[in-house]
Amino acid sequence: MEHPLDVERIAQLHLRELTREGGEGLLLERFYIETLRTNWTDDEKSEVMNLADDIVHLYHAGDSRDDHTYATHVLRVATRILSPDHFNVRDDPELIIAALLHDVVEDHPERLLGLDVPKAVTLEEQRDHRERALKAIAKKYDDGDGRGDRIAAMVNAVSNPLYDKEKVPQEQRPQIYRSHVKELMKSKGKACLIKLSDFIDNCLGLNHNPDSRLQRKLAPKYLPLVDDMRDYVIRSELAESVKEDILIDLDHAESLCKRVIEHGADVFQSLGGVATLSYTANYHDKNIKLSTQ
């Protein structure tokens, strides 16, 4: 599919604008652009771009999110880490591979295993599929020096814990998620960058979600974690200018969650439509405002 936007324009647009303009197609092009601009070897670039293509057409095929394919979320998470206009972490293809795979083990381990079987139902089945999927990742990316194990460990670190949903009441489940994320963000591992990008995309994505019920459910789930994300950013080794931009995003995420909790979907409807996060025409200035579409 061809798009009217040229390479430079695709490279400049904010990730949410790319999603609106062309969904996974434009986001995949943006990811290719960012990958090709790294100093990785040609083999590393090809490997990562092929995986991104598999994320779209195989591993998350048929999944949806916020009126788009689920792959749009995954591509934004990985591109946000890689892009000079966001986290600017461009020297670690292992990290980007793990970012692309960050939801596959959790959502579709059977696809990583090449199994034409239904999704696991029982807790025992889920644990078995997850363990085997992580081993498959380790084996696929093995280089004899621990590369595959490192990638699998990052994917495992950001995957939500498994638990018996029949024994854990609905109201207690967000706390399991928060406890897992809080513990992860105390570490210094690279997986924290994946979770940070994932959190930003999830939290700021509330105002792109057309399901008001889901907005009200997710906002109180995310809000208590904003400070944990801030603490990680402050003590991280990211560039100071990058930290400043991320902290602005987190401030906006906090404000957004509070608005949803206090006013529900009415806060978006009162703005004349679905409120969207929008940067000014030159979004590199990081002047954040709420606009409507």
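**Exercise 1.** Which residues lie nearest the centre of the second largest pocket, and how many residues line this pocket?

*Solution.* Start from the lining: in this predicted model, the second largest pocket is lined by 18 residues. Next, pick out those that lie nearest its centre, which are Leu193, Tyr232, Ser236, Glu237 and Leu238. Then sort the lining by class, which gives 8 nonpolar, 4 polar and 6 charged residues. Finally, attach a volume to the second largest pocket, whose space comes to about 410 Å³.

**Exercise 2.** Describe the largest pocket by its volume, its lining and the helices and strands that supply that lining.

*Solution.* The volume comes first, and for the largest pocket it is about 1400 Å³. The lining is made up of 44 residues, and Glu106, Asp107, Asn160, Lys165 and Lys221 are those that lie nearest the centre. Divided by class, the lining of the largest pocket holds 17 nonpolar, 10 polar and 17 charged residues. The step to secondary structure shows that at least two lining residues come from each of several elements, among them the strand β1 (64-65) and the helices α6 (104-107), α8 (123-140) and α10 (173-185). Of the elements, α12 makes the greatest contribution to this lining, with 5 residues, and this helix spans residues 212-222.

**Exercise 3.** Determine how many disulfides the structure holds, and explain why Cys203 and Cys257 are not joined by one.

*Solution.* The count of disulfides in the structure is 0. For Cys203, the closest cysteine sulfur is that of Cys257, at 3.3 Å. A disulfide requires the two sulfur atoms to be within 2.5 Å, and the separation of Cys203 and Cys257 is therefore too far for a bond. As for surroundings, Cys203 is buried, with a relative accessible area of 0%, and Cys192 likewise counts as buried at 0% relative accessibility.

**Exercise 4.** For Asp66 and Asn88, give the sign of phi, the place of each residue in the chain, and its degree of exposure.

*Solution.* The background to keep in mind is that most residues other than glycine have a negative phi. Asp66, however, has a positive phi, near 50°, and its place is the loop that runs between β1 and β2 (68-69). With a relative accessibility of 15%, Asp66 falls under the 20% limit and therefore counts as buried. Turning to Asn88, its phi is also positive, near 60°, and the residue is found in the loop between α4 (71-82) and α5 (93-100). The relative accessibility of Asn88 is 38%, so this residue counts as partly exposed.

Terms used. Residues numbered from 1 in each chain as written. Predicted model: local features only at pLDDT ≥ 70, side-chain atom pairs only at ≥ 80, totals over all residues. Heavy atoms only, no water. 1 Å grid on protein atoms, 1.4 Å probe; cavity = no way out; pocket = protein on both sides within 12 Å on 5 of 7 lines; lining within 4 Å. Points joined across faces, edges and corners; volume = space filled by probe spheres on them. Helix = DSSP H or I, 4+ residues; strand = E, 2+ residues; numbered from the N terminus. Nonpolar A, V, L, I, M, F, W, Y, C, P; charged D, E, K, R; others polar. Buried < 20%, exposed > 50% of the residue type's maximum accessible area, 1.4 Å probe, protein only.
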